[in-house]
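Here are my notes on the model below. They are numbered so that you can reply point by point.

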Amino acid sequence: MHFSLILLHMAGATMLLLYAVHMVRMGMELAFGHTLRSMLGQAKRGQLAAAGGGLAMAVMLQSSTAVAMLACGFAASGILATPTGLALLLGADLGSALVVRILTFDLGWLVPVFLFAGGVMHLKLSGERVREAGRMVLGIGLVLLSLQLIAAATGPLRNSAMLPSLSAYLADDYLTAFLIGALFTWLVHSSVAAILMVSALAAQGLIPLEAGVPLVLGANLGGGLIAVWLSRGMPVAAQRLPMGNLLFRATGAVLALAVINTSGLSMQALGADPGAALVNFHLLFNAALALVSLPLVRIVGDLTCRLLPDRPVAGTAHRVSALDRSVIGTPHLALASATRELLRMGELVEVMVRPVTELIRAGDRAAILRVREMDEAVNHTHTAIKLYLAELNRGQMSVQEAKRSIELTDFAINLEHVGDVIAKNLLVLAQERLDKNWRFSAEGWAELVALHERLIENMHLALNLLVTRDLPSARQLVVEKERMRRLHRHSYSEHLKRLQSGTPESIETSGMHLEIARGFKEINSLLVTVAYPILTESGDLLESRLSKVN
């Protein structure tokens, strides 16, 4: 096979692997997002519980980076302390390594089973959770298929005249191999995919074990870099978790690299072939890293606080805007710039929304004030986006570009309104509950938590939709609006029943319960508006819910 054709097959198999890992993660988030967030909430009970929760979540999501991003959201809201968050990420790293071990078992016979079952569930069955679970099963099948394709594509390279010299170079220059592993992992944004690639090449005899070990250690470093890169625009409290995790990973990887290369330790006993040995080494490394690092999370947490000191949340002077004025004369680039800034505005609003129930239940004045101050940054960003798009509208644009500009302006207005609902309504209620020391009934509080969790899930979907403009996701978001309406109606009717039965807590917090539920429903309705232009363009949105009059 010609070398260029081999590279083409390799590139295709690699992209299939990355897409399959993404499919599994997306299916899990959409089908079991509520479960994942509940697990993250329970992980706050202690460091061991956090590590165990991180491990379980990484196995479910097949990504330690996805767990890190979820944890960042909780940390930004002040709900997840830095030491606990670091323990959670150490567990997630181990869970990610466990996923690699599972996927490298001889599961080739399951490929058609997963593809068929996942395809039927995702395309033919009804029920949103069943379809998303089908997406996850289909993704696992594609992961296994991509590994087979990588093995088939690299087979001819075993007879290549260039391979021995390249392998010998990487085996001798372990530092270069280490850096290549880190860079490749960061580029593909998936440590699972990177380790699977390295193990597949090693199993084919294309990479010697001596070169595979530094590549695997570099991939662990690169996995830490991914989360640091993705969290760079988040509040400082959120950035500390990936930074602390990177410190653990970098220190562990460098020390392991030095010990292995100075002591001459052999990894051959870890597996029947080089590929299995590398996967087992990766698992053992992350297990040892978690075991050694867990007692040090408070120390590293304090270190990250010194490296990334607090700054005023509401201020925007330290924040670099995505609004690029140099492309204002090129509408499609300017609209992309405005979309990025609007997404960052949405992420800031999410930081305000996420801790609301916790602040209402048991927040102190300082925590409530910190979240309320974020509304100033939301207002500032909203104004900047509106002025930027107004200037863009004064130039020459196509009809589609003009429509997109209006869509972005409308959603910016709605996000600003969401910030107002939180700051001027829900947080005022949180302060009132604190002042009067009121308590909700267990049933009433469970209803409010269910509404809030549904709201968070829909917010993720809305912000994804802002970028992807995916038609099925737009339909799902509108369906979720109806589900939210049903949850609100159910909470309202159950609350009235508790009032009639004379439940003391329900009588005491009656007005507050109804206002909180109404606030969650209003925020959800504002978020759903991002789907309307997409559905209108496709013809899926009716102009009126009224029946036609003859």
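1. Glu 407 and Arg 404 sit three residues apart in helix H17 (residues 399-436), so about one helical turn separates them. Helices here are DSSP runs of H or I with at least four residues, strands are E runs of at least two, and both are numbered from the N terminus. The two side chains meet in a salt bridge, N to O 3.3 Å. The criterion is a side-chain nitrogen of Lys or Arg within 4 Å of a carboxyl oxygen of Asp or Glu. Both Glu 407 and Arg 404 are buried. Buried means under 20% relative accessible area, exposed means over 50%, and partly exposed lies in between (1.4 Å probe, protein chains only).

2. Provenance. This is a predicted model: local features need pLDDT of at least 70, side-chain atom pairs count only at pLDDT 80 or more, and totals for chains, interfaces and linings use all residues. Residues are numbered from 1 along each chain as its sequence is written, and side-chain values use heavy atoms, with hydrogens and water left out.

3. Helix H19 (residues 471-501) holds a pair with the spacing of about one helical turn, because Arg 483 and Glu 480 are three residues apart. Their closest N and O atoms are 2.6 Å apart, in a salt bridge. Arg 483 counts as partly exposed, at 25% relative accessibility. Glu 480 is buried, at 4%. Elsewhere, salt bridges with shared partners join Arg 404, Glu 407, Arg 469 and Glu 537 into one network.

4. How many salt bridges does a search of the whole structure find? The count is 17. One of them pairs the side chains of Asp 93 and Arg 249, at 2.3 Å from N to O. This pair links distant parts of the chain: Asp 93 belongs to helix H4 (residues 82-103), Arg 249 to helix H11, and their positions lie 156 residues apart in numbering. Asp 93 has 4% relative accessibility, so it counts as buried. Arg 249 is buried as well, at 3%. As background, side chains of opposite charge can pair when their charged atoms come close.

5. Helix H11 (residues 236-263) has 28 residues. Its end C-alpha atoms are 40 Å apart, which agrees with the 40 Å it should span at 1.5 Å a residue. The expected span is 1.5 Å times one less than the number of residues. Gly 264 follows H11, and its phi is positive, near 70 degrees.

6. Two other helices pass the length check. H10 (residues 209-230) has 22 residues and reaches 32 Å from first C-alpha to last, close to the expected 32 Å. Of those 22 residues, 17 are buried, so H10 is largely enclosed by the rest of the structure. H21 (residues 510-528) has 19 residues; its end C-alpha atoms are 28 Å apart, in agreement with an expected 27 Å. The buried residues of H21 include Met 512, Ile 516, Phe 520, Ile 523 and Leu 526.

7. Asn 414 lies in helix H17. It counts as buried, at 16% relative accessibility. Leaving out residues up to four places away in sequence, Asn 414 touches Leu 526 and Thr 529. Contact means heavy atoms within 4.5 Å.

8. Which residues touch the most other members of the largest nonpolar core? They are Leu 17, Leu 196 and Leu 217, in a core of 85 residues. Helix H9 (residues 191-203) gives the largest share of this core, ten residues. Apart from it lies another core, of 65 residues, including Ala 367, Leu 427, Met 459 and Ile 516. A nonpolar core is a set of buried Ala, Val, Leu, Ile, Met, Phe, Trp, Tyr and Cys residues joined through side-chain atoms within 4.5 Å. Beyond four places in sequence, Leu 196 touches Leu 17, Val 100, Leu 103, Thr 104, Val 143 and Leu 147.

9. Overall figures. The protein has 22 helices and zero strands. Buried residues make up 51% of its 550 residues. Among contacts between residues at least 6 apart in sequence, 82% join residues at least 24 apart. The protein exposes about 24900 Å², with carbon and sulfur atoms supplying 62% of it. Areas come from the Shrake-Rupley method with a 1.4 Å probe; for residues, only the protein chains shown count as cover.
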